Amino acid sequence: MRTGEKIRAFHDAMLTAYGPQHWWPADTPFEVVIGAILTQNTNWKNVERAIANLKREGLLSPESLARVPTEQLAEVIRPAGYYRIKAKRLKNFITMLVRDFGGDLAALFALRTSSLREAVLAVSGIGPETADSIVLYAAAKPVFVIDTYTARILYRHGVIDLGATYEDMQALMQDNLAEDVAMFQEYHALLVEVGKRQCKKAAPNCAGCPLAPLLENGQPMTY
């Protein structure tokens with residue numbers, strides 16, 4: 001099976017097995033942004049607790065986050081872990097939003113996809129995965145998010161080499177898929193589900209995995 005065919009077959013197999021995932025869980029695009037920054041190096045349950053704290057304290061808006069002292073913000077988001085670092089990153093994003101877009105998230109999201117991605121990536125503490133999560137899920141623009149689960153699954157199925165970069169993997173996915181925001185969102189969420197359930201870091205559990213029928217000779221690849 002050719003690479004493009006396999007990539008498209010992955011999506012169909014996972015969707016059939018697991019159904020739509022309806023990511024990202026949030027009430028507003030701004031909440032998606034906050035969640036994307038808070039979810040670095042932690043699990044989603046911890047992020048939910050931190051966001052609930054922000055809502056309780058009336059801090060889930062650009063205006064309120066611009067005013068609150070960094071130290072106070074850090075205590076509010078403590079459940080998310082690395083809370084002092086993440087408070088600074090949230091503040092960095094808000095500083096950019098206020099300085100360059102008058103605090104208007106819609107104005108930021110009105111940028112072309114490439115310009116929006118560059119603007120978010122320029123914020124200190126925000127890397128490609130977080131930036132692309134914001135672009136895809138909050139701004140609803142077509143970029144494919146690459147995370148640890150995606151890299152692991154692609155490597156074990158022989159789709160990428162071990163040294164593939166974030167940019168390599170993103171280009172591979174986007175070159176072989178139709179440019180469709182909803183599909184990119186579902187595909188990414190489905191890969192995360194497979195990674196959590198079956199394709200774990202220590203060892204893959206291929207029994208019952210929807211992607212197992214797509215393994216070829218010598219796969220899954222080992223590290």
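Helices here are DSSP runs of type H or I with at least four residues, numbered from the N terminus. With that in mind, the tour of this predicted model can begin at one residue and widen from there.

**Stop 1: K201.** Select K201, which is found in the segment after α12. Is K201 buried or exposed? Its relative accessible area is 70%, and exposed means over 50%, so K201 counts as exposed. Next, add R152 and R156 to the selection; leaving aside residues up to four places away in sequence, K201 touches R152 and R156. A C-alpha to C-alpha distance of 7.8 Å separates K201 from R152, although their positions lie 49 residues apart in sequence.

**Stop 2: helices α1 and α12.** Select residues 3-18 for helix α1 and residues 181-197 for helix α12. Two packed helices are described by the angle between their axes and the distance between those axes. For α1 and α12, the angle is about 70 degrees and the axes are 10 Å apart. Angles from 65 to 115 degrees count as roughly perpendicular, and therefore α1 is roughly perpendicular to α12.

Now display the side chains at this contact. On α1, the residues to show are I7, F10, H11, M14, L15 and Y18. On α12, they are M183, Y187, L190, L191, E193, V194 and R197. Sorted by class, this contact of α1 with α12 comprises 10 nonpolar, 1 polar and 2 charged residues.

**Stop 3: helix α2.** Move to residues 29-38, which form helix α2. How many of the 10 residues of α2 are buried? The count is 9, so helix α2 is largely enclosed by the rest of the structure. Colour the buried ones: F30, E31, V32, V33, I34, G35, A36, I37 and L38. To see what they pack against, select α3 (44-56), α4 (62-67), α6 (83-101), α7 (105-109) and α9 (128-138).

**Stop 4: the whole protein.** Finally, show the entire chain as a cartoon. The protein has 12 helices and 0 strands. Its radius of gyration is 18 Å, close to the 17 Å that the globule rule gives for 223 residues, so the protein is as compact as a globular protein of that length. The C-alpha trace spans about 60 × 35 × 30 Å along its principal axes.

Of the 223 residues, 49% are buried. Switching to a surface view shows the exposed area, about 10800 Å², of which carbon and sulfur atoms supply 50%. Among contacts between residues at least 6 apart in sequence, 64% join residues at least 24 apart.

Terms used:
Residues are numbered from 1 along each chain as its sequence is written. This is a predicted model: local features need pLDDT of at least 70, side-chain atom pairs count only at pLDDT 80 or more; totals for chains, interfaces and linings use all residues. Side-chain values use heavy atoms; hydrogens and water are left out. Axes are lines fitted to C-alpha atoms, for helices over the stretch in contact, and angles run from 0 to 180 degrees between N-to-C directions. Helices (H or I, at least four residues) and strands (E, at least two) are DSSP runs, numbered from the N terminus. Angles under 35 degrees count as roughly parallel, over 145 as roughly antiparallel, 65 to 115 as roughly perpendicular and the rest as oblique. Contact means heavy atoms within 4.5 Å. Ala, Val, Leu, Ile, Met, Phe, Trp, Tyr, Cys and Pro count as nonpolar, Asp, Glu, Lys and Arg as charged, and the others, Gly among them, as polar. The radius of gyration is taken over C-alpha atoms; the globule rule is 2.2 Å times the number of residues to the power 0.38. Buried means under 20% relative accessible area, exposed over 50%, partly exposed in between (1.4 Å probe, protein chains only). Accessible areas come from the Shrake-Rupley method with a 1.4 Å probe; for residues, only the protein chains shown count as cover.
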